[in-house]
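Subject: Structure handover

Hello,

Here is the structure we spoke about, with the sequence. My notes on it follow below.

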Amino acid sequence: MKFGFIKPPEREDGAPLELGWKHLFLTLWRELFLLIRANLCFLLFCLPVATIPAACCALHGICVDAIRGKDVPVFKTYWNAVKGLFLPAWGAFLCLGAGEVVSITGAVFYLQRASEMPLLLAPGLVATGIAVVGLLMLPYVFTMLPRVDLSLAKVLKNAFLLVFLNLKFSVCGGLVCLLLIAAQAALLLRVVPLILTISLSLTAYFGTYFSLYGLQQYILTEEL
(Lines give C-alpha, C1' and ligand atoms only; values in the text may rest on other atoms or scores of the structure.)
Protein backbone atom coordinates (compact mmCIF):
# COMPACT_ATOMS: atom_id res chain seq x y z
CA MET A 1 0.00 0.00 0.00
CA LYS A 2 1.27 3.44 -0.87
CA PHE A 3 1.54 6.33 1.54
CA GLY A 4 1.96 10.05 0.96
CA PHE A 5 4.17 12.58 2.68
CA ILE A 6 3.07 13.70 6.14
CA LYS A 7 2.60 17.25 4.86
CA PRO A 8 2.35 17.10 1.09
CA PRO A 9 2.89 20.54 -0.43
CA GLU A 10 1.62 21.58 -3.83
CA ARG A 11 4.12 22.72 -6.40
CA GLU A 12 3.51 26.22 -7.71
CA ASP A 13 3.23 25.15 -11.32
CA GLY A 14 1.18 22.08 -10.45
CA ALA A 15 3.56 19.82 -12.36
CA PRO A 16 5.22 16.73 -10.88
CA LEU A 17 8.91 16.85 -10.13
CA GLU A 18 10.98 15.17 -12.83
CA LEU A 19 13.99 13.48 -11.29
CA GLY A 20 17.12 13.19 -13.41
CA TRP A 21 20.82 13.98 -13.67
CA LYS A 22 20.20 17.55 -14.81
CA HIS A 23 17.79 18.23 -11.96
CA LEU A 24 20.16 16.56 -9.49
CA PHE A 25 23.04 18.94 -10.24
CA LEU A 26 20.88 22.03 -10.74
CA THR A 27 19.27 21.45 -7.35
CA LEU A 28 22.67 20.83 -5.80
CA TRP A 29 23.92 24.16 -7.14
CA ARG A 30 20.75 26.02 -6.11
CA GLU A 31 20.72 24.59 -2.59
CA LEU A 32 24.46 24.70 -1.95
CA PHE A 33 24.22 27.14 0.96
CA LEU A 34 21.28 25.21 2.41
CA LEU A 35 23.42 22.05 2.44
CA ILE A 36 26.22 23.96 4.14
CA ARG A 37 23.84 25.11 6.88
CA ALA A 38 22.44 21.59 7.14
CA ASN A 39 25.97 20.18 7.47
CA LEU A 40 26.87 22.63 10.26
CA CYS A 41 23.64 21.93 12.14
CA PHE A 42 24.16 18.19 11.70
CA LEU A 43 27.55 18.42 13.43
CA LEU A 44 26.00 20.57 16.15
CA PHE A 45 23.18 18.12 16.85
CA CYS A 46 25.60 15.18 16.79
CA LEU A 47 27.54 16.60 19.76
CA PRO A 48 25.26 14.98 22.38
CA VAL A 49 25.96 11.63 20.59
CA ALA A 50 22.55 10.27 21.62
CA THR A 51 20.92 12.51 19.00
CA ILE A 52 22.97 11.22 16.04
CA PRO A 53 20.24 8.93 14.61
CA ALA A 54 17.63 11.70 14.83
CA ALA A 55 20.09 14.14 13.24
CA CYS A 56 20.56 11.69 10.34
CA CYS A 57 16.78 11.62 9.85
CA ALA A 58 16.63 15.42 9.89
CA LEU A 59 19.47 15.71 7.37
CA HIS A 60 17.74 13.37 4.92
CA GLY A 61 14.44 15.16 5.48
CA ILE A 62 16.09 18.48 4.64
CA CYS A 63 17.49 16.94 1.46
CA VAL A 64 14.01 15.74 0.46
CA ASP A 65 12.55 19.21 0.94
CA ALA A 66 15.46 20.80 -0.93
CA ILE A 67 14.95 18.44 -3.87
CA ARG A 68 11.24 19.30 -3.89
CA GLY A 69 12.03 23.03 -3.91
CA LYS A 70 10.59 23.77 -0.47
CA ASP A 71 11.80 26.43 1.94
CA VAL A 72 13.54 24.59 4.78
CA PRO A 73 13.97 25.96 8.33
CA VAL A 74 17.16 24.02 9.02
CA PHE A 75 17.60 24.40 12.77
CA LYS A 76 13.88 23.89 13.43
CA THR A 77 13.92 20.71 11.32
CA TYR A 78 16.71 19.25 13.43
CA TRP A 79 15.03 20.28 16.65
CA ASN A 80 11.71 18.74 15.60
CA ALA A 81 13.49 15.54 14.59
CA VAL A 82 15.15 15.25 18.00
CA LYS A 83 11.78 15.76 19.71
CA GLY A 84 9.65 13.60 17.43
CA LEU A 85 11.94 10.98 15.91
CA PHE A 86 14.37 10.21 18.73
CA LEU A 87 13.00 6.73 19.50
CA PRO A 88 12.11 5.66 15.90
CA ALA A 89 15.53 6.81 14.70
CA TRP A 90 17.28 4.84 17.43
CA GLY A 91 15.10 1.82 16.64
CA ALA A 92 16.14 1.94 12.99
CA PHE A 93 19.78 2.52 13.94
CA LEU A 94 19.84 -0.46 16.32
CA CYS A 95 18.03 -2.80 13.92
CA LEU A 96 20.27 -1.98 10.97
CA GLY A 97 23.40 -1.81 13.14
CA ALA A 98 22.74 -5.21 14.71
CA GLY A 99 22.13 -6.72 11.27
CA GLU A 100 25.38 -5.26 9.94
CA VAL A 101 27.43 -6.48 12.90
CA VAL A 102 26.05 -10.02 12.66
CA SER A 103 26.34 -10.26 8.87
CA ILE A 104 29.84 -8.76 8.67
CA THR A 105 31.07 -10.98 11.52
CA GLY A 106 29.58 -14.01 9.79
CA ALA A 107 31.08 -13.04 6.44
CA VAL A 108 34.56 -12.64 7.92
CA PHE A 109 34.26 -15.91 9.86
CA TYR A 110 33.17 -18.01 6.88
CA LEU A 111 35.33 -16.40 4.19
CA GLN A 112 38.50 -16.72 6.26
CA ARG A 113 37.91 -20.47 6.49
CA ALA A 114 36.68 -20.95 2.94
CA SER A 115 40.20 -21.78 1.66
CA GLU A 116 40.31 -24.81 3.98
CA MET A 117 36.64 -25.75 3.63
CA PRO A 118 35.20 -24.60 0.26
CA LEU A 119 31.66 -25.33 1.43
CA LEU A 120 31.91 -22.34 3.79
CA LEU A 121 32.16 -20.02 0.79
CA ALA A 122 28.37 -20.15 0.25
CA PRO A 123 27.34 -18.93 3.74
CA GLY A 124 30.15 -16.37 3.57
CA LEU A 125 28.74 -14.91 0.36
CA VAL A 126 25.22 -14.95 1.78
CA ALA A 127 26.38 -13.03 4.86
CA THR A 128 28.23 -10.56 2.62
CA GLY A 129 25.09 -10.03 0.55
CA ILE A 130 23.03 -9.38 3.69
CA ALA A 131 25.57 -6.77 4.82
CA VAL A 132 25.42 -5.03 1.44
CA VAL A 133 21.61 -4.98 1.45
CA GLY A 134 21.66 -3.50 4.94
CA LEU A 135 23.90 -0.67 3.79
CA LEU A 136 21.71 0.00 0.74
CA MET A 137 18.67 0.22 3.03
CA LEU A 138 20.10 3.15 4.99
CA PRO A 139 19.12 6.00 2.59
CA TYR A 140 15.59 4.61 2.25
CA VAL A 141 15.10 4.28 6.00
CA PHE A 142 16.39 7.73 6.92
CA THR A 143 14.53 9.33 4.01
CA MET A 144 11.20 7.72 4.90
CA LEU A 145 11.27 8.18 8.67
CA PRO A 146 11.04 12.00 8.72
CA ARG A 147 8.77 12.49 5.71
CA VAL A 148 6.44 9.47 5.38
CA ASP A 149 3.70 8.54 7.84
CA LEU A 150 4.67 4.91 8.43
CA SER A 151 5.58 2.82 11.45
CA LEU A 152 9.21 1.76 11.93
CA ALA A 153 8.39 -1.84 11.01
CA LYS A 154 6.83 -0.75 7.69
CA VAL A 155 9.71 1.62 6.98
CA LEU A 156 12.22 -1.23 7.42
CA LYS A 157 10.12 -3.61 5.32
CA ASN A 158 9.69 -1.06 2.52
CA ALA A 159 13.38 -0.17 2.60
CA PHE A 160 14.30 -3.83 2.19
CA LEU A 161 11.92 -4.27 -0.75
CA LEU A 162 13.00 -1.01 -2.41
CA VAL A 163 16.62 -2.13 -2.47
CA PHE A 164 15.55 -4.77 -5.02
CA LEU A 165 12.62 -3.01 -6.71
CA ASN A 166 14.77 0.06 -7.26
CA LEU A 167 17.98 -1.94 -7.68
CA LYS A 168 19.64 0.17 -10.37
CA PHE A 169 19.31 3.37 -8.38
CA SER A 170 20.01 1.62 -5.08
CA VAL A 171 23.36 0.41 -6.38
CA CYS A 172 24.16 3.73 -8.08
CA GLY A 173 23.34 5.75 -4.97
CA GLY A 174 25.21 3.29 -2.77
CA LEU A 175 28.34 3.49 -4.90
CA VAL A 176 28.29 7.30 -4.99
CA CYS A 177 27.87 7.52 -1.21
CA LEU A 178 30.52 4.84 -0.62
CA LEU A 179 33.01 6.68 -2.82
CA LEU A 180 32.34 9.96 -1.02
CA ILE A 181 32.73 8.33 2.40
CA ALA A 182 35.89 6.47 1.32
CA ALA A 183 37.42 9.68 -0.03
CA GLN A 184 36.64 11.51 3.21
CA ALA A 185 38.14 8.69 5.27
CA ALA A 186 41.27 8.34 3.12
CA LEU A 187 41.94 12.08 3.00
CA LEU A 188 40.63 12.89 6.46
CA LEU A 189 43.14 15.58 7.43
CA ARG A 190 43.04 17.23 4.02
CA VAL A 191 39.26 17.36 3.75
CA VAL A 192 38.45 18.45 7.31
CA PRO A 193 37.22 21.87 6.03
CA LEU A 194 34.86 20.07 3.64
CA ILE A 195 33.66 17.71 6.37
CA LEU A 196 32.90 20.70 8.55
CA THR A 197 31.06 22.56 5.78
CA ILE A 198 29.35 20.32 3.24
CA SER A 199 30.68 16.79 2.63
CA LEU A 200 28.36 15.05 5.11
CA SER A 201 25.22 16.73 3.81
CA LEU A 202 26.43 16.15 0.24
CA THR A 203 26.66 12.41 0.89
CA ALA A 204 23.15 12.41 2.36
CA TYR A 205 21.89 14.45 -0.61
CA PHE A 206 23.05 11.90 -3.18
CA GLY A 207 21.71 8.97 -1.14
CA THR A 208 18.36 10.71 -0.72
CA TYR A 209 18.09 11.68 -4.38
CA PHE A 210 18.59 8.15 -5.68
CA SER A 211 16.23 6.70 -3.07
CA LEU A 212 13.47 9.05 -4.22
CA TYR A 213 13.23 7.20 -7.53
CA GLY A 214 11.94 4.14 -5.69
CA LEU A 215 9.84 6.08 -3.20
CA GLN A 216 8.10 7.99 -5.97
CA GLN A 217 7.25 4.84 -7.89
CA TYR A 218 6.31 2.41 -5.09
CA ILE A 219 5.55 4.28 -1.85
CA LEU A 220 4.20 7.79 -2.34
CA THR A 221 0.57 8.46 -3.20
CA GLU A 222 1.24 11.90 -4.66
CA GLU A 223 3.85 13.23 -7.05
CA LEU A 224 6.98 14.78 -5.64
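Read from one end of the sequence to the other, the protein runs α-α-α-α-α-α-α-α-α-α. Please note that this is a predicted model. In total there are 10 helices and 0 strands. The radius of gyration is 18 Å, and the globule rule gives 17 Å for 224 residues, so the protein is as compact as a globular protein of that length.

Overall figures

Along the principal axes, the C-alpha atoms occupy a box of roughly 65 × 45 × 35 Å. Buried residues make up 46% of the 224. If you take contacts between residues at least 6 apart in sequence, 76% of them join residues at least 24 apart. The accessible surface is about 12200 Å², and carbon and sulfur atoms account for 73% of that surface. As for charge, the protein carries 16 positive and 12 negative charges, and the mean positions of the two sets lie 4 Å apart.

Helix α4

I looked at one helix in more detail. Helix α4 spans residues 74-84, and its buried residues are Val74, Thr77, Tyr78, Ala81 and Val82. Viewed down the axis of α4, these buried residues fall within an arc of 135°, so they line one face of the helix. An α-helix has 3.6 residues a turn, so residues three or four places apart point the same way. On the other side of α4, the exposed residues are Lys76, Lys83 and Gly84. What lies over the buried residues of α4? The cover includes α2 (32-46), α3 (52-67), α5 (86-113) and α6 (121-147).

Asn80 also belongs to α4. Its relative accessibility is 36%, so Asn80 counts as partly exposed. Between the C-alpha atoms of Asn80 and Pro146 there are 9.7 Å, with the two residues 66 apart along the chain.

Tyr140

Tyr140 sits in helix α6. Is Tyr140 buried or exposed? With a relative accessible area of 2%, Tyr140 is buried, because the cut-off for buried is under 20%. Leaving aside residues up to four places away in sequence, Tyr140 touches Ala159, Leu162, Val163, Asn166, Ser170 and Ser211. From Tyr140 to Val176, the C-alpha to C-alpha distance is 15 Å, for a separation of 36 residues in sequence.

Two loop residues

Val49 lies in the loop between α2 and α3. Val49 is not a glycine, yet its phi is positive, at about 70°. The relative accessible area of Val49 is 52%, so this residue is exposed, the cut-off being over 50%.

Pro118 lies in the loop between α5 and α6. Pro118 has a relative accessibility of 61% and so counts as exposed. The C-alpha atom of Pro118 is 44 Å from that of Gly20, and the two residues are 98 apart along the chain.

To recap the residues picked out here: Tyr140 in α6 is buried, Asn80 in α4 is partly exposed, and the loop residues Val49 and Pro118 are exposed.

Regards

Definitions and conventions: Residues numbered from 1 in each chain as written. Predicted model: local features only at pLDDT ≥ 70, side-chain atom pairs only at ≥ 80, totals over all residues. Heavy atoms only, no water. Helix = DSSP H or I, 4+ residues; strand = E, 2+ residues; numbered from the N terminus. Rg over C-alpha atoms; globule rule 2.2 N^0.38 Å. Buried < 20%, exposed > 50% of the residue type's maximum accessible area, 1.4 Å probe, protein only. Contact = heavy atoms within 4.5 Å. Areas by Shrake-Rupley, 256 points an atom, 1.4 Å probe, with all protein chains shown as cover. Lys, Arg positive; Asp, Glu negative; His and termini not counted. Charge placed at Lys NZ, Arg CZ, Asp CG, Glu CD. Arc of directions from axis to C-beta.
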